[in-house]
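Please open the model in your viewer and keep the sequence panel beside it, since each stop on this tour begins with a selection.

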Amino acid sequence: QQQQQQQEQSKIPSLYQPEIDRLPMEQKETMYKDLYGLDEQGFGGGDVGNRRGYTLENENDHLWMRNKLEDFEYHLDRIKKKEAYELACLHCPDEIHSPTFLRKFLRAELYDAKLAARRYVRFWDMSFELWGERGFKTKITQEDFSEEDMESLKSGGLRLLRGKDRAGRALVWNRTADFKFIHPKNMLRALWYQLMIASDDEEVQHKGWVVIAYARGYLSAGQGPGYFQRDLMNTVTKLGFHVLPVRAVALHHCFDRDVKFFNRTVVPLLFVWLGKKGLQKYQRHSGSHEDILFALMTYGIRPESIPMDTMGNTVFDEHLQWIEDLRAAGR
């Protein structure tokens, strides 16, 4: 039985390892720097094969920054279909053209102005889809939440963790067994709200965020309500990787030793959700809870950052207190 489990586990890397093997050495090095949180410039990782190498000296050069913002506006003007953005211009013209806000999108795409403009248009499309006219502003607050949205936020199934990893990158916890929602949009709004708060941190704007998808325990404890919500998880991936103004740099997937069911149902979907480029940010870990904690430590993620107790139960106190603190601060 142990040999069969090892064979099942070995199928996962074999699915995408050929793609990695074909990468040039420089891109492989960049990929591993992303996963381990290593970067000679101190910015964390960058997109594989798409590193632009900007520095803080560049950002402090007013002429360089002005040229980048002008490039951004040029590419934005060339995008024909941007109805939600045009509506946002009517509702909050000063906010959405703020250099501080636009710079988030440029940093998310490592100052590729064309990609940043596309991300910016997708941002307003998704904001309108999730929030309606409430979404035509740069800061969503808890006042914009419905009761169902608040339940999803408090569930902690998708949560911004309080600590950062060794490289100073934000950590997002994804445990679908804890999802609570009436409509999938409830979970998406909760994630949107938290990642937009993370995007206010300039260190996170530079270094990005890391997601820890903790799927361990599904086979023994049953599935959460979000487990088979393929459309929901597809949109979560799209929102996190391609829409919000903060760059996803690594995905750690954690699950049981017995992964036969996982291989047959989830792994094929990863190819659809992440694509070849996204899979280069992907790492999987299996075994006991202690095995997973040790594996995550090698990637700069501290055990105390993981919101679970020694019995494998989710811990909520810190998350709920953070939500209350944000409400008290008008967020």
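The tour goes from a loop to the nonpolar cores and then to a helix. The model is predicted, so local features are taken at pLDDT of at least 70 and side-chain atom pairs only at pLDDT 80 or more, while totals for chains, interfaces and linings use all residues. Residues are numbered from 1 along each chain as its sequence is written, and side-chain values use heavy atoms, with hydrogens and water left out.

Select first the loop between α7 (99-108) and α8 (113-131), where Leu110 lies; helices here are DSSP runs of H or I with at least four residues, numbered from the N terminus. Leu110 has a positive phi near 55°, and Tyr111, in that loop as well, has a positive phi near 65°. Most residues other than glycine have a negative phi. Leu110 is buried at a relative accessible area of 8% and Tyr111 at 3%, where buried means under 20% relative accessible area (1.4 Å probe, protein chains only).

Next, select Phe72, Tyr120, Phe123, Trp124 and Trp192, which touch the most other members of the largest nonpolar core, a set of 65 residues; such a core joins buried Ala, Val, Leu, Ile, Met, Phe, Trp, Tyr and Cys residues through side-chain atoms within 4.5 Å. A second, separate core of 15 residues includes Tyr214, Cys254, Leu293 and Ile301.

Finally, select helix α9 (residues 147-155), in which Asp149, Met150, Ser152, Leu153 and Ser155 are buried. Their cover includes α8, α10 (184-198) and α17 (317-328). After α9 comes Gly156, with a positive phi near 75°.

Terms used. Helices (H or I, at least four residues) and strands (E, at least two) are DSSP runs, numbered from the N terminus. Buried means under 20% relative accessible area, exposed over 50%, partly exposed in between (1.4 Å probe, protein chains only). Contact means heavy atoms within 4.5 Å.
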